[in-house]
Amino acid sequence: MTDVRQHAEEIHEQFSDHLDVTVDDVASRLDSLVNEYKVPMEEARRSVTSHYLDEAGLERDDIRTGGTSDVQVEDIETDEQWVNLTAKVVDLWEPRSDSVGQVGLLGDETGTIKFTKWAKSDLPELEEGTVYRLGNVVTDEYQGRYSVKLNRTTTVEELDTDIEVGDNATEIQGALVDIQSGSGLIKRCPKEDCTRVLQNGRCSEHGEQEGEFDLRIKGVVDDGMDVHEVIFNEEATENLTGIELEEAKQMAMDALDTTVVADEMREKTLGYYYRVSGPTMGRYVLANDVEQLSGPVDAEAALIKARSM
Ligand SMILES: [Zn+2]
């Protein structure tokens with residue numbers, strides 16, 4: 001197969017659902033640009049693609065740009081990837097923007113992921129509790145959290161089956177190597193449904209607030225292969241550090257400084273080994289269970305063990 005033919009087939013496939021055009025049509029356009037006008041192939045492809053985008057009334061984002069592979073929710077960790085997903089609609093909520101037709105949560109055995117269906121996508125309404133095979137959705141990333149977008153090229157096929165939706169649970173084992181800022185004794189916005197952490201007494205949404213004390217650790221666990229960002233809520237932080245909320249408040253009051261709490265927590269935990277398990281939310285693991293591992297802290301042994309897994 002000639003180079004032109006191969007490129008023509010790839011372009012043709014992107015438009016096969018939108019235009020009544022043959023591979024020969026595409027090939028002749030490409031051929032003319034490349035062989036008559038000596039346009040480099042990449043540029044010729046762009047030009048021919050633009051021509052068909054215009055003809056179909058589509059935006060470049062509406063067509064897929066590479067091969068589409070079948071994935072599961074847990075595999076989605078790249079931005080702007082075109083994938084096929086079989087998943088159940090777990091939840092639907094009210095879209096905040098007119099450009100969004102439906103928004104909610106999809107789930108499969110490996111976990112859940114947010115989805116957005118554009119209003120102009122002309123796709124059928126998805127029903128809560130129903131399993132669909134979704135062809136050609138595109139992944140998106142925002143602040144470390146992934147979602148999928150259903151667009152005009154997405155295919156929706158309702159399946160007569162059920163899926164037991166998983167909770168993205170994961171388990172990691174390694175050394176706590178860092179405790180990040182925003183850890184220790186923190187204050188949260190007291191407004192209903194807002195739990196944002198106050199920065200200098202201010203909520204980014206609600207302005208200056210009295211705030212409610214809470215304990216949290218944003219930690220980094222190194223398993224010898226990778227580092228994982230782990231969030232410990234109040235209970236997990238108490239388990240990890242042995243410091244309870246009332247005690248933390250007293251420490252801060254005595255020192256007239258809340259940062260003493262995080263300092264004390266660092267001292268008690270950094271460099272120690274833990275087994276942490278819980279659901280993942282984007283790049284974070286939410287520590288539901290924390291167990292300090294017995295035995296000496298030996299970085300080299302842990303590294304060898306991690307590599308042999
Ligand atoms: Zn707030």
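**Helix α6, the zinc site and the salt bridges**

In helix α6, residues 259-269, the buried residues are Val261, Ala262, Met265 and Thr269. Looking down the axis of α6, these buried residues fall within an arc of 95°, so they line one face of the helix. I should say at once that this is a predicted model.

What packs over that face? The elements covering the buried residues of α6 include two helices, α4 (234-241) and α5 (245-255). Strands are there as well, among them β8 (169-179), β9 (184-188), β12 (212-222) and β14 (273-281). After α6 comes Gly271, and its phi is positive, near 90°.

Next, the zinc site. Which protein atoms are the donors of the zinc ion? They are SG of Cys189, SG of Cys194, SG of Cys203 and ND1 of His206, at 2.1 to 2.3 Å from the ion. The 4 donor atoms subtend angles of 105 to 115° around the zinc ion, and the arrangement is therefore tetrahedral. Along the chain, the donors follow the spacing C-x4-C-x8-C-x2-H. Within this set, Cys189 and Cys203 link distant parts of the chain: Cys189 sits in the loop between β9 and β10 (202-203), Cys203 sits in strand β10, and they are 14 residues apart.

Are these cysteines buried or exposed? Cys189 and Cys203 are both buried. For Cys189 the relative accessible area is 3%, which is why it counts as buried. Cys194 has a relative accessible area of 4%, so Cys194 is buried too.

While we are on cysteines: how many disulfides does the structure hold? The count is 0. For reference, a disulfide is a covalent bond between the sulfur atoms of two cysteines.

Now the salt bridges. The structure holds 14 of them, and I will go through a few.

Start with Asp214 and Arg188, which form a salt bridge whose closest N and O atoms are 2.6 Å apart. This pair links distant parts of the chain, with Asp214 in strand β12 and Arg188 in strand β9, 26 residues apart. Both strands came up earlier, among the elements that cover the buried residues of α6. Asp214 has a relative accessibility of 14%, so Asp214 counts as buried.

A second pair is Asp140 and Lys149, whose side chains meet in a salt bridge at 2.8 Å, N to O. Here the two partners fall into separate accessibility classes. Lys149 is buried, because its relative accessible area is 14% and the cut-off for buried is under 20%. Asp140, at 25% relative accessibility, counts as partly exposed.

The third pair is inside a helix. Lys249 forms a salt bridge with Glu246, and the closest N and O atoms are 3.3 Å apart. Where do the two residues lie? Both are in helix α5, 3 residues apart, which is about one turn of the helix. An α-helix has 3.6 residues a turn, so residues three or four places apart point the same way. As for accessibility, Lys249 is partly exposed at 25%, and Glu246 is exposed, with a relative accessible area of 57%. Besides such pairs there is a network: Glu171, Arg275 and Glu291 are joined into one by salt bridges that share partners.

To recap: α6 has its buried residues along one face, the zinc ion has a tetrahedral set of donors, and the salt bridges include one between strands β12 and β9 and one within helix α5.

Terms used
Residues numbered from 1 in each chain as written. Predicted model: local features only at pLDDT ≥ 70, side-chain atom pairs only at ≥ 80, totals over all residues. Heavy atoms only, no water. Buried < 20%, exposed > 50% of the residue type's maximum accessible area, 1.4 Å probe, protein only. Helix = DSSP H or I, 4+ residues; strand = E, 2+ residues; numbered from the N terminus. Arc of directions from axis to C-beta. Contact = heavy atoms within 4.5 Å. Donors = N, O, S within 2.8 Å, 3.2 Å for Na, K, Ca; no water. Tetrahedral: all angles 85-135°; square planar, octahedral: opposite > 155°, others 65-115°. Salt bridge = Lys/Arg side-chain N within 4 Å of Asp/Glu carboxyl O. Disulfide = S-S within 2.5 Å.
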